Amino acid sequence: MSINQISVFLENKPNALQNMCEALAEGHIDMRALSLAEAGDFGIARIIVDKLYDASHLLKDAGFVCTVTPVVAAQIPDTPGGLGKVLAGLGTVGINVEYMYAFLGGHDAEHAYIIFKTADAAKATAALSAKGIIVLEQEDIEAL
């Protein structure tokens with residue numbers, strides 16, 4: 001069980017991120033989460049959206065270079081120690097987190113959500129589920 005993230009390669013210049021956001025807005029795509037990383041002349045915007053298929057095609061049609069990557073999304077209590085519980089669930093089975101980012105629960109103010117990139121999404125999902133941690137599916141993201 002995993003969700004899909006769109007990674008969009010952007011030139012590191014004014015308006016590049018704005019242009020991506022405007023393209024998504026014109027397509028009525030709602031971003032649920034965003035992470036932006038700089039790598040010299042380029043950056044990578046990692047986004048979780050409500051309509052994955054539409055967003056990926058819209059971005060490609062608009063001239064953006066993007067890829068779709070499976071990631072794990074876990075629901076955690078929005079309380080001190082919530083993230084630690086999730087990380088312990090991964091660490092006990094030897095799963096390394098390559099990168100992660102978080103977002104609050106939208107309509108669900110009781111929870112936060114963490115997006116994880118690991119080498120083995122299925123193993124990470126099984127480890128988290130075994131610890132009683134809710135792991136989201138693509139349909140869950142669309143409903144937030």
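In the predicted model, L144 is buried, with a relative accessible area of 18%. This value falls under the 20% cut-off, and L144 is therefore placed in the buried class. L144 belongs to the segment that comes after helix α5. Along the chain, L144 and Y113 are 31 residues apart, and the distance between their C-alpha atoms is 11 Å.

Helix α5 itself covers residues 138–143 and includes D140. The relative accessible area of D140 is 36%, which makes this residue partly exposed. D140 is also one of the members of a negative surface patch, together with E137, E139 and E142. A residue must have over 30% relative accessible area to be counted in such a patch, and D140, at 36%, meets that condition.

Charged side chains also occur in pairs. Side chains of opposite charge can pair when their charged atoms come close. In this model, 3 salt bridges were counted.

One salt bridge joins E11 and K13, whose closest N and O atoms are 3.5 Å apart. E11 has a relative accessibility of 45% and is classed as partly exposed. K13 is also partly exposed, with a relative accessible area of 47%. Both values lie between the 20% and 50% limits, so neither E11 nor K13 is classed as buried or exposed.

A second pair consists of R32 and D30, with a separation of 2.6 Å between the closest N and O atoms. R32 is buried, its relative accessible area being 17%. D30, by contrast, is partly exposed at 39% relative accessibility. The two partners therefore fall on opposite sides of the 20% cut-off, R32 under it and D30 above it.

The remaining salt bridge is formed by the side chains of K117 and E98, with an N to O distance of 3.5 Å. This pair links distant parts of the chain, as K117 and E98 are 19 residues apart. K117 lies in strand β6, which spans residues 111–117. E98 is found in the loop between α3 (82–91) and β5 (99–104). K117 is buried, with a relative accessible area of 17%, whereas E98 is partly exposed at 45% relative accessibility. Here too, a buried residue, K117, is paired with a partly exposed one, E98.

Definitions and conventions: Residues numbered from 1 in each chain as written. Predicted model: local features only at pLDDT ≥ 70, side-chain atom pairs only at ≥ 80, totals over all residues. Heavy atoms only, no water. Patch = residues over 30% accessible without salt bridge, like charges linked within 9 Å, V, L, I, M, F, W, Y side chains within 5 Å. Areas by Shrake-Rupley, 256 points an atom, 1.4 Å probe, with all protein chains shown as cover. Salt bridge = Lys/Arg side-chain N within 4 Å of Asp/Glu carboxyl O. Lys, Arg positive; Asp, Glu negative; His and termini not counted. Charge placed at Lys NZ, Arg CZ, Asp CG, Glu CD. Helix = DSSP H or I, 4+ residues; strand = E, 2+ residues; numbered from the N terminus. Buried < 20%, exposed > 50% of the residue type's maximum accessible area, 1.4 Å probe, protein only.
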